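Please open the model in your viewer and keep the sequence panel beside it. The tour below moves from the whole chain to single side chains, naming at each stop what to select.

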Amino acid sequence: MLFLLSFCAMKAQRTLTVGGTNWVVSIPSITEAGSNYAGTYESAANQILLTASIPLLLSSGKVSVHYEGNPTWNPNLILQAKRTGDGTTLCLLCTITGGTAYQTVTLTDIELFRITAIAALASYTNIPIQLQLSGVSVTIPAATYNSRLVFTISAL
């Protein structure tokens, strides 16, 4: 019996689904000499919607994020992300913590938030993520810059 329980625990996996729409930042033209851009732009509070599952009792997971240039990104542009809500869950003793303040997204994974399951399997839907872009300046060469955010879920 113990072997069967251990086998099931090893087969269970954390899952993460990413939804939402692409964020296209509309930066106004500068019409006066000596002016600069506003410098900081924010997406909708629910630009990205995450669905996360932690399949084991007394288990936890962390959701991390990093960016990839797609194909080109200027390192002077600063992309940040934060969680603007908890989403929806039926789990009464589950918690979602962290990530409510903007964190700078880098080329390597940073932890955005954690989910903990105490007495049930944890499943959250529609966890809203907001993005912020800063560092926009006339000193950055004119071009179209794109990046892709990559979200992962893993054990602590």
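Of the 156 residues of the protein chain, 33% count as buried, where buried means under 20% relative accessible area, exposed means over 50%, and partly exposed lies in between, with a 1.4 Å probe and protein chains only. The model is a predicted one, in which local features need pLDDT of at least 70 and side-chain atom pairs count only at pLDDT 80 or more, while totals for chains, interfaces and linings use all residues. Residues are numbered from 1 along each chain as its sequence is written, and side-chain values use heavy atoms, with hydrogens and water left out.

Show the whole chain as a cartoon. One helix and ten strands make up its elements, and from the N terminus they run α-β-β-β-β-β-β-β-β-β-β; helices (H or I, at least four residues) and strands (E, at least two) are DSSP runs, numbered from the N terminus. Among the contacts in the protein chain with a separation of 6 or more, 83% are between residues 24 or more positions apart, contact meaning heavy atoms within 4.5 Å. Switching to a surface, one sees about 9200 Å² exposed by the protein chain, with carbon and sulfur atoms supplying 57% of it; accessible areas come from the Shrake-Rupley method with a 1.4 Å probe, and for residues only the protein chains shown count as cover.

Select strand β6, residues 94-97, next. Its side chains alternate, C94 and I96 pointing to one face, where they are buried, and T95 and T97 pointing to the other, where they are not. Extend the selection to strand β8, residues 110-117, which pairs with β6 in the antiparallel sense over four bridges (two strands pair if DSSP finds at least two bridges between them), and note that I96 stands opposite I115 in β8.

Which residue is joined to C94 by a disulfide? Select C91: the sulfur atoms of C91 and C94 are 1.8 Å apart, a disulfide being a pair of cysteine sulfur atoms within 2.5 Å. The torsion about the S-S bond is about 70°, so the disulfide is right-handed, and both C91 and C94 are buried.

By contrast, L92, in the loop between β5 (78-83) and β6, is exposed, with a relative accessible area of 80%.

Now pick out the salt bridges, each a side-chain nitrogen of Lys or Arg within 4 Å of a carboxyl oxygen of Asp or Glu; a search of the whole structure finds three. E68 and R148 form one of them, with their closest N and O atoms 3.7 Å apart. Because E68 lies in strand β4 (residues 59-69) and R148 in strand β10 (residues 147-154), the pair ties together parts that are 80 residues apart in sequence. E68 is partly exposed at 34% relative accessible area, as is R148 at 42%.

Move to R83 and D86, whose side chains meet in a salt bridge at 2.6 Å, N to O. Here R83 is buried, with a relative accessible area of 5%, whereas D86 counts as partly exposed at 41%. For R114 and E111, the closest N and O atoms of the salt bridge are 2.6 Å apart.

Finish at S134, in strand β9 (residues 122-134). Is S134 buried or exposed? With a relative accessible area of 13%, S134 is buried, and, leaving aside neighbours within four places in sequence, it is in contact with G39, T40, N76, L77 and I78.
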